[in-house]
There are 2 protein chains.
Amino acid sequence: MAKVTIKEIARRAGVSKTAVSFAFNDPSRLSEATLQRILSIAEELGYVPDPIARSMTTKRTGCIGLLVPQPIPDVIRNPFFSEFLEGIGEVCKETGLSLMLVPPLKGSIRRAVNDAAVDGFLTLGLETFRGTMIVLEQRGVPYVMVDSDPTLGIPCVNIDDQGGARVAMAHVLHAGHRRVAILGIKSGKQGRYKEYAGTLRRRMEGYLAALSEAGLPMRSRNVHLVECDSHANGGREGFQQLWRLKRRPTAIVAMSDIIAIGAMEAARELGVRVPDDVSIVGYDDIPAARWTQPGLTTVHQPIREKGKLAADLLVKLVEGGTDSNHYVLPTNLVERESVRIWTEETTAG
Amino acid sequence: MAKVTIKEIARRAGVSKTAVSFAFNDPSRLSEATLQRILSIAEELGYVPDPIARSMTTKRTGCIGLLVPQPIPDVIRNPFFSEFLEGIGEVCKETGLSLMLVPPLKGSIRRAVNDAAVDGFLTLGLETFRGTMIVLEQRGVPYVMVDSDPTLGIPCVNIDDQGGARVAMAHVLHAGHRRVAILGIKSGKQGRYKEYAGTLRRRMEGYLAALSEAGLPMRSRNVHLVECDSHANGGREGFQQLWRLKRRPTAIVAMSDIIAIGAMEAARELGVRVPDDVSIVGYDDIPAARWTQPGLTTVHQPIREKGKLAADLLVKLVEGGTDSNHYVLPTNLVERESVRIWTEETTAG
DNA sequence: TTGTACGCGTTATCAC
DNA sequence: GTGATAACGCGTACAA
């Protein structure tokens, strides 16, 4: 069936397009007779206003965009992302907004941003955020950045990445571990952690601070850094790589729970017991951290709250408000059962 | 800064809007001099085409919608949904499409569908699919239904829900269990399972078929049905409710893994051992089913493939193709460690 | 109470 | 070959 437009209805009703529009958006401006005539014709023809044409004039799409740094399958494989979506979703529920997932368009964030018909953007963990900021500014819609390096004048929501990482590392060091491995998140920098930015940099700084306090230099044979993809299989591969080492770690500190969970999976497959043979600490405190056996000791961050706060902020901005504050949400260690005291005599190759 | 439009550039360059548009979309139709003049002015002003205005004429948004039956926070709490998104995401990655999550707009699916500026819809597990179909037809964009009752002429993607459910129930019955509980998914029907539709109905039919084969009528004191919300906490509550019963089940068959996982959590909290004290079977085979201890015996369904197939289908439809086939993907039982043989003598209060 | 004109980018059609 | 005109779709300020 050919698309039914406002024009067609106007023609049949013998009125102007305006009158038809009023029938739906401001009925009081029409006489009862005209109104009913228009409405019945529209009903009969099954008229549905074109959302795009409508957005043209209203300047509103009823949708906010979530700009992610990687293709959807890559980001969704980390349950962290689901929980973040849940927080945003609460705001959508309250406000009646939809949510668009906006991955780079054939590698180009610029094209993705320019093509997305949304009222504003949330950005999550963008590494190339400087270039992205220019693109977003040009695009002319408000945006809120989450898990990036805070930038003056731009509303940002972050967590205390460094503090959390420091506590996590300190926890295993206090437990006596002196051979530790860090399962990091793939950075594209091949382990050159001094070039890290954003969340990765801050977490790394936290680990290093705790290491330094314990007198363990990063450049020692007792400290390893392995970068993993942010999903369970990435963690599994990371663990396998670690277990091929001559000097295996007695404790593993992972930059995300899903990596830690993958590592635990690999450990089980290799007959390595957690925490008897190796201790593991995660980061994020996703729901699954409670389901594993042993329960995963990890750094809790308020993921849902982070998403909700960022979305609330964006909605305020979209509605014309202003807010360029930086928010830093707290983190804290959650002790479960994946870490065990390590004493010298138990240390064996 | 005021929005830079094509008109402003045309004015400054002393050409028509058409020329400016050609500069970006069909440069060969302009003389080199005109082209460069337009391009440099556009560059200088930081021009970005308005995606909405562009969609007006192209009739394309570069975005597909996923219509979900509940608010985003409710659906995302089931990891099943993430994996489904992963499958859709693969198609987005290949085709350069974005994905819009479209929940009911203040309870109205009609408004949500009419307001969403997308090239087509995927629907997931819609209960009120008859009314929704009319809305979608009127909306005039192609759509593919997933996990609904198959409807003639509409492309549908489903799994063998009934077969999977039957095998799951048969599995615990073969293991000797005679007091079983079903942890169902909240239906809005207060347990009147004969009124179920779609996925729920098919799974229920599968359970009933196996029960019937074993000579266990549903209307017996030995078979219980409890409806749960589709998240871990729903499963936890379901288990707690079951454990308040006088005649506790020796086996629990859950309609989704996340409910089963929540039940396992509740069991652990109550000191009930799985599978020694109670056996549990799930449905879906989400990644977390491998992480629990004991590993969850469950019905595997190809979630990602389902999402990918549905999205591939939709893309074909959006591009003008036709396909109103019905696809039914296979399911199979995955045995892990959450089910144990039950003999009469072990049966105690 | 109802009609006119405008905003926005693309493209079929037409003019030279 | 080069480039202008008009139409698409809706909502709304403004005019009548």
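Chain A is more spread out than a ball would be: a compact globule of 349 residues would have a radius of gyration near 20 Å, while this chain comes in at 26 Å. That value is for a predicted model. Along its principal axes, the C-alpha atoms of chain A fill a box of roughly 95 × 40 × 30 Å. The chain carries 13 helices and 12 strands, and 49% of its 349 residues count as buried. Take the contacts in chain A with a separation of 6 or more, and 71% of them turn out to join residues 24 or more positions apart.

Now for the inside. The largest nonpolar core has 186 residues, and A:Leu122 and B:Leu122 are the ones with the most contacts inside it. What does B:Leu122 contact, once its neighbours within four places in sequence are left aside? The list runs to B:Ile64, B:Leu66 and B:Leu67, then B:Ile88, B:Val144 and B:Val146, and finally B:Ala310, B:Ala311 and B:Leu314.

Next, the place where the two chains meet. Here 49 residues of chain A are in contact with 49 residues of chain B. On the chain A side, the elements supplying at least two residues each are H4, helix H5 (72–76), H6, strand S2 (98–102), helix H7 (109–115), helix H8 (129–139) and helix H12 (257–269). H6(A) gives the most, with 8 residues. By class, this side has 27 nonpolar, 13 polar and 9 charged residues. There is strand pairing across the chains too: S2(A) and strand S2 of chain B (residues 98–102) run antiparallel to each other over 3 bridges. Within that pairing, A:Leu101 has B:Leu99 as its bridge partner in S2(B).

A:Glu86 is worth a stop. This residue lies in helix H6 of chain A, residues 79–95. Is A:Glu86 buried or exposed? It counts as buried, because it has 20 C-beta neighbours inside 10 Å, and 20 is the number at which a residue is called buried. Not counting residues up to four places away in sequence, A:Glu86 touches A:Arg304 and A:Gly307 in its own chain, plus B:Pro73, B:Ile76 and B:Arg77 from chain B. As for A:Thr343, it sits 257 residues from A:Glu86 in sequence and 42 Å away in space, C-alpha to C-alpha.

That leaves the DNA. DNA strand C is surrounded by 28 residues, and the closest are A:Ser16, B:Thr5, B:Ile6, B:Ala53 and B:Thr57. For DNA strand D there are 28 residues around it, with A:Thr5, A:Ile6, A:Ala53, A:Thr57 and B:Ser16 coming nearest. At least two residues of the surface near strand D come from each of helix H1 (6–13), H2 and H4 of chain A, and likewise from H2 and H4 of chain B. Over at strand C, the elements giving at least two residues each are helix H2 (17–25) and helix H4 (51–58) of chain A, along with helix H1 (6–13), helix H2 (17–25) and helix H4 (51–58) of chain B. Which element gives the largest share of the surface near DNA strand C? That would be H2(B), with 6 residues.

Here is the make-up of the surfaces by residue class:

| Surface | Nonpolar | Polar | Charged |
|---|---|---|---|
| Near DNA strand C | 10 residues | 11 residues | 7 residues |
| Near DNA strand D | 10 residues | 11 residues | 7 residues |
| Side of chain A that touches chain B | 27 residues | 13 residues | 9 residues |

How values were computed
Residues numbered from 1 in each chain as written. Chains lettered and ligands numbered in written order. Predicted model: local features only at pLDDT ≥ 70, side-chain atom pairs only at ≥ 80, totals over all residues. Near = placed C-beta within 6 Å. Helix = DSSP H or I, 4+ residues; strand = E, 2+ residues; numbered from the N terminus. Nonpolar A, V, L, I, M, F, W, Y, C, P; charged D, E, K, R; others polar. Rg over C-alpha atoms; globule rule 2.2 N^0.38 Å. Buried ≥ 20, exposed ≤ 12 C-beta atoms within 10 Å, placed from the backbone. Contact = placed C-beta atoms within 7 Å. Core = buried A, V, L, I, M, F, W, Y, C linked by C-beta atoms within 7 Å. Pairing = 2+ DSSP bridges.
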